[in-house]
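Please look over the chain shown here together with its three-dimensional model. The report that comes after it deals with overall make-up, enclosed and open spaces, sheets and two single residues.

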Amino acid sequence: MSPVPPSASSPVSSPAAPVRSPAARRLRRGGALLLGLVLAAPAGAAALVGPPAVLAPECAAPAPSRAVRPTLGPLPGAARTDPQARAAAQRALDWLAGATIAWQDQHQCYGCHVQAVTVDALAVGQAKGYTVVPAQLDRVLAGVTALPGGAHSPGGLGYHGGQLRIPAKAIGGAAFARFDALVDNRLRDELLQVAEELRAAQDQSGRVVDAEGWSNPPVGTGRPEQWTALGIQVWRQAYERSGDDRWLAAAALAEDWMAGQAAALTGQEDLQQVNHTLMGLLAGGAGAGEQSVARVAAVLAERQHADGGWGLQPGRSDPLATGQTLAVLRQLGRTETDPVVARGTAWLVDHQLAGGSWGTGGAAKAEAMWGVLGLVSVDALTVEHAGLAHGDHVAGTVPVEVVAADNGGAGVQSVELFVDDIRVAAACGDRLAFPLPADGLADGAHIVDVLATSASGARTRRRLTVYAGAHYLTRPASRWEGTGTRLSVRNIADPTLGTALSVEVRAEGAPAVLWSTTAPAPQGAWSTVWDGTGAVPGNDRYVATLTLRDRSGTVLHQHEQRFVHDSPAARAATYGAVAGQLNWADSAEEVANAVIELVDGDGRVVERTRSTANGAYRFKDVAGGAYTVRVKKEGQAAQEAPVTAAPAAEASADFAL
């Protein structure tokens, strides 16, 4: 397996407690500056030093939150504090938890949208520092797993004796994915099971197909965009939790189909169709600056009503459409500094009933579920940044500027900037400016974290993944499909370069090209299938060389993907797997983007990969024998562990860094 970058996560916050990210660990840990960079101290930064450590600022008093606009890379709108939105979100979350439990007590079954979207809202709420009662969360989780139709029923997630299998699995699986990403991994097995079931429903175009054709507006749209977007969310998190790149291959094929839907939008489509299209693109890994994403986001902005809301019916705003659209725009990275988001948030706050919902009757739950997701995405602090965006390819010196505002009204104490878990800049108050020398970064993916802390101890993190050097092909993956091997990748190169991808397949260790193809490769997901043409009899190990060129023929990036060309059953009979988990020793948080090497008995690196956003790694199709797993992370001493691979078995090596 080849290096695969971690995904970006939504901002995460918590009140007066460490966030779920490694932020608390970073506050205590020093370490050599990344890759030998010599970073200049920005004006106003406190306690910044060169190697061996950049220390956190010691800020005696917070600066008051204020409406500001950075001077570097102007941001849309101005940061504003909004305690009313947080309070409204808490009321809605409380109402939704109680209403969902009452519904499942009455009906004693899994109700697809009812428990699943509630799990989604509770997971986001807990991650962002709202009060989530553990006992209530446990009861809703029991409803989506243990009640009839739940994940533990025969056949897995279903409804009323096995009906609505794809909708039930897609909606429930997406909730498992969000919970797994933001809370903990107790639903790991259920997540991987539903990922497999949804994969079986994916056709050759990439869509997830519901053969029953269920449509029940507004919960079920009856369109493949809904099930496909949710499927991508499930597959992406299945990869993050397991390190198995076959889920990336499924997500890439689905994302490519979704990009086609985005290109065909006229602006007159059903609003949920537009929302699901953007959901799918973002879950697939598309960045805010990619053309397909920008196109769909523009359609959503155009569909906003004069009163600030969105509606399932033209001219009439409603909480479901408004909440869903806000939730998607916030996944895109937009905050209340964006006037579109600010007006939508204000609509939800202004139309909320005293009890926390937006209406009465059965429809109230569906409306409240999405209304909650629209509001619960409001962080403890608003954090905006200029100069960097998720998915960017960076070069030269990047002028990074950060501004924060406390939505609790206590003021911002400090702002910190991390690159690959190492603090590179810090400042007291609510803003930070820093010239990031991107040319000093190694080729490949890098995690950038912005952490803002309020005077009350609340923290909000914004995490980005950026790419440096000759690195434009991300998330490479391979997967067996019937009689062939699908090879997939994401191309992040500027679309004006007119890029094309060529693939050459060779037997491992042999120079002769057995099969090749070249095709245009627009920005986004790309894949091809080798059907075995030219395969060497008796050999199943091959190497695909993927070469990205611009229209002039200049090579931008070349990547080698090793794979076994055979069915999963045949591979399992011959090969084993080596997998494991990386956590920080002093916080138990997961370590993302670390380099893991599989070393044979002669000291040769057989394969190399990177840990996922959830700290997982996996080497597939490993020949039997003794190996050493070596972990490397900037600022840390390398660690090693012995493993023995065997056919049809998985050897495990976990690490605490």
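What follows is a description of a predicted model, beginning with the chain as a whole.

## Overall make-up

The secondary structure of this predicted model comprises 14 helices and 24 strands. The chain has 657 residues, and 61% of them count as buried. When contacts between residues at least 6 apart in sequence are considered, 68% of these contacts join residues that are at least 24 apart.

## The largest cavity

Searching the whole structure yields seven cavities of 30 Å³ or more, and the largest cavity has a volume of about 440 Å³. Its lining is made up of 40 residues, and those that lie nearest the centre of the cavity are Asp120, Arg178, Ala327, Gln331 and Leu373. Two or more lining residues come from each of helix H3 (113-127), helix H5 (165-182), helix H7 (224-242), helix H9 (271-284), helix H11 (319-331) and helix H13 (362-376), and likewise from strand E2 (381-386) and strand E9 (459-468).

Helix H3 gives the largest share of this lining, with six residues. Sorted by class, the lining of the largest cavity holds 19 nonpolar, 13 polar and eight charged residues.

## The second largest pocket

The second largest pocket holds about 560 Å³ of space. It is lined by 22 residues, with Asp244, Arg246, Pro568, Arg571 and Lys620 lying nearest its centre. By class, the lining of this pocket has eleven charged residues, nine nonpolar ones and two polar ones.

At least two lining residues are supplied by each of helix H6 (188-200), helix H8 (246-263) and helix H14 (568-574), as well as by strand E10 (473-481), strand E17 (576-583) and strand E20 (616-622). The largest share of the lining of the second largest pocket is that of H6, which provides four residues.

## An open sheet of four strands

Four strands form an open sheet in the order E13-E12-E15-E16, with antiparallel pairing. Strand E13 (513-520) and strand E16 (555-564) are its edge strands, each of them pairing on one side only. On average, neighbouring strands of this sheet are turned by 15° against each other, with direction ignored.

Within this sheet, strand E15 (residues 541-549) runs antiparallel to E16 and is joined to E16 by nine bridges. One particular pairing can be located by residue, in that arginine 541 has valine 564 in E16 as its bridge partner.

## Further strand pairings

An open sheet of three strands has the order E2-E4-E7, again with antiparallel pairing. Its edge strands, which pair on one side only, are E2 and strand E7 (431-437), and the twist from one strand to the next averages 20°. Strand E4 (residues 397-406) and E7 run antiparallel and are joined by seven bridges, and the bridge partner of valine 398 in E7 is leucine 436. Strand E2 of this sheet is also among the elements that give two or more residues to the lining of the largest cavity.

Strand E11 (residues 484-491) pairs with E14 in the antiparallel sense over seven bridges, and in this pairing arginine 486 stands opposite valine 529 in E14. Strand E14 (residues 524-530) is itself mostly covered, since five of its seven residues are buried.

## Alanine 544 and aspartate 654

Is alanine 544, which lies in strand E15, buried or exposed? Alanine 544 counts as buried because its relative accessibility is 0%, and the cut-off for buried is under 20%. Leaving aside residues up to four places away in sequence, alanine 544 touches Leu487, Val503, Glu504, Val505, His559, Glu560, Gln561 and Phe563. The C-alpha atom of alanine 544 is separated by 5.5 Å from that of glutamate 504, although the two residues are 40 residues apart along the chain.

Aspartate 654 is placed in the loop between strand E23 (650-652) and strand E24 (655-656). Aspartate 654 counts as exposed because its relative accessibility is 52%, and the cut-off for exposed is over 50%. Not counting residues up to four places away in sequence, aspartate 654 touches Gly580 and Gln581. Between the C-alpha atoms of aspartate 654 and leucine 582, which are 72 residues apart along the chain, the separation is 5.9 Å.

Definitions and conventions
Residues are numbered from 1 along each chain as its sequence is written. This is a predicted model: local features need pLDDT of at least 70, side-chain atom pairs count only at pLDDT 80 or more; totals for chains, interfaces and linings use all residues. Side-chain values use heavy atoms; hydrogens and water are left out. On a 1 Å grid over the protein atoms alone, a cavity is a set of points where a 1.4 Å probe fits but cannot get out, and a pocket is an open set with protein on both sides within 12 Å along at least five of seven lines; lining residues have an atom within 4 Å of a point. Grid points are joined across faces, edges and corners, and a volume is the space filled by probe spheres set on the points. Ala, Val, Leu, Ile, Met, Phe, Trp, Tyr, Cys and Pro count as nonpolar, Asp, Glu, Lys and Arg as charged, and the others, Gly among them, as polar. Two strands pair if DSSP finds at least two bridges between them. Axes are lines fitted to C-alpha atoms, for helices over the stretch in contact, and angles run from 0 to 180 degrees between N-to-C directions. Buried means under 20% relative accessible area, exposed over 50%, partly exposed in between (1.4 Å probe, protein chains only). Contact means heavy atoms within 4.5 Å.
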